[in-house]
Amino acid sequence: MLLVNFSNVSKDYAGNPVFDEIDLEILEGERIGLVGENGSGKSTQYILLPGLDTPTEGVISRRRNLTIGYLSQEIDPLQHTKTVFEVVSERSAELSTLSATLHQLEAQMADPDTTSDPGAMDNILQAYGKAQERFEAAGGYTLAHEVETVLHGLLFSYQDIYTPIRHLSGGEKSRLQLARLMLTDANFLLLDEPTNNLDIPSIEVLEAALQEFEGTILTVSHDRYFLDKLVTKIVAIDDDGRIEVYPGNFLYYAEKRKAA
Ligand SMILES: Nc1ncnc2c1ncn2[C@@H]1O[C@H](COP(=O)(O)OP(=O)(O)O)[C@@H](O)[C@H]1O
Ligand SMILES: [Mg+2]
């Protein structure tokens, strides 16, 4: 099924062409590697594809249920005191609020001021029961299980999961971002050099996670081993704003180019 379609798309910046009348079809479930020299227009695709910028000419159409997910490199410093689990579970604002409420009420229940006052304890227990019900109805307990499963799959130990993220190494932070991405409802991943700064075990879990992802993937990468494992199609941007599509992995693309 057609997910994104570029029809006769041109893009230029102040008269300097980046794309010149390109046509491109992205089908559901495809894994595409985007390659090209520096300055050829790879990053420009990251703003054209999701509609963050419009082409100078031509039309880009997207299927209605398209939900794009990005792998960001940065973690908001405001989150540094939160645990891995908290940051990864923040998909739902309602659930985070309820989870915070539950923790707050638990702290109050343990407070000697409360335990010595039966009236106050009653109120808190009632509020706690209600918050628990809403948390369960909103899928809170299922989410917790899902989050733990994804984090274990990405090599986080039980102890790591409850560690504040400021204690994480660079590789752990990258895997945390990947966990967030895996738990969103994105059906199209736009990745920009995802293996950069990753150690080998992290690259392996990245590859495994992407293999399991059921949606569509478009990735820029200079890592030919990564591309060879993941992608089924190479879109090569050349210097004069054209693209060529190669139905294979990076090795296939390299051989075709050598033969041409
Ligand atoms: N916002 C912009 N304004 C002007 N020129 C830009 C802008 N963004 C990119 N360019 C130019 O467009 C060309 C393609 O850039 P880019 O998409 O970043 O290439 P790549 O990611 O492949 O290195 C480059 O020549 C770049 O200088
Ligand atoms: Mg770029």
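**Exercise 1.** In this predicted model, between which two helices does the loop that holds Thr163 lie? Then find the contacts of Thr163, leaving aside its neighbours within four places in sequence.

*Solution.* Begin with the helices on either side: Thr163 sits in the loop that runs between helix 7 (158–161) and helix 8 (170–182). Next, look for residues with heavy atoms within 4.5 Å, and, with the sequence neighbours set aside, Thr163 is found in contact with Lys82, Thr83 and Val84. Finally, compare a position elsewhere in the chain: Ala137 is 26 residues apart from Thr163, and their C-alpha atoms are separated by 27 Å.

**Exercise 2.** Follow Val84 into the largest nonpolar core, and state which domains contribute to this core.

*Solution.* Start from the contacts of Val84, which, not counting residues up to four places away, include Leu151, Thr163 and Leu176. Val84, Leu151 and Leu176 are also among the residues with the most contacts inside the largest nonpolar core, which has 49 residues. This core draws at least three residues from each of domain 1 (2–67 + 185–259) and domain 2 (83–167). A second, separate core of 23 residues includes Val4, Ile26, Ile32 and Leu48.

**Exercise 3.** Describe the largest pocket by its volume and its lining.

*Solution.* The space in the largest pocket comes to about 450 Å³. Of its 22 lining residues, Phe85, Ser99, Ala100, His103 and Phe135 are the closest to the centre. Helix 3 supplies the largest share of the lining, 7 residues. Sorted by class, the lining holds 11 nonpolar, 7 polar and 4 charged residues.

Methods. Residues numbered from 1 in each chain as written. Chains lettered and ligands numbered in written order. Predicted model: local features only at pLDDT ≥ 70, side-chain atom pairs only at ≥ 80, totals over all residues. Heavy atoms only, no water. 1 Å grid on protein atoms, 1.4 Å probe; cavity = no way out; pocket = protein on both sides within 12 Å on 5 of 7 lines; lining within 4 Å. Points joined across faces, edges and corners; volume = space filled by probe spheres on them. Helix = DSSP H or I, 4+ residues; strand = E, 2+ residues; numbered from the N terminus. Nonpolar A, V, L, I, M, F, W, Y, C, P; charged D, E, K, R; others polar. Core = buried A, V, L, I, M, F, W, Y, C linked by side-chain atoms within 4.5 Å. Buried < 20%, exposed > 50% of the residue type's maximum accessible area, 1.4 Å probe, protein only. Domains from an automatic or database assignment.
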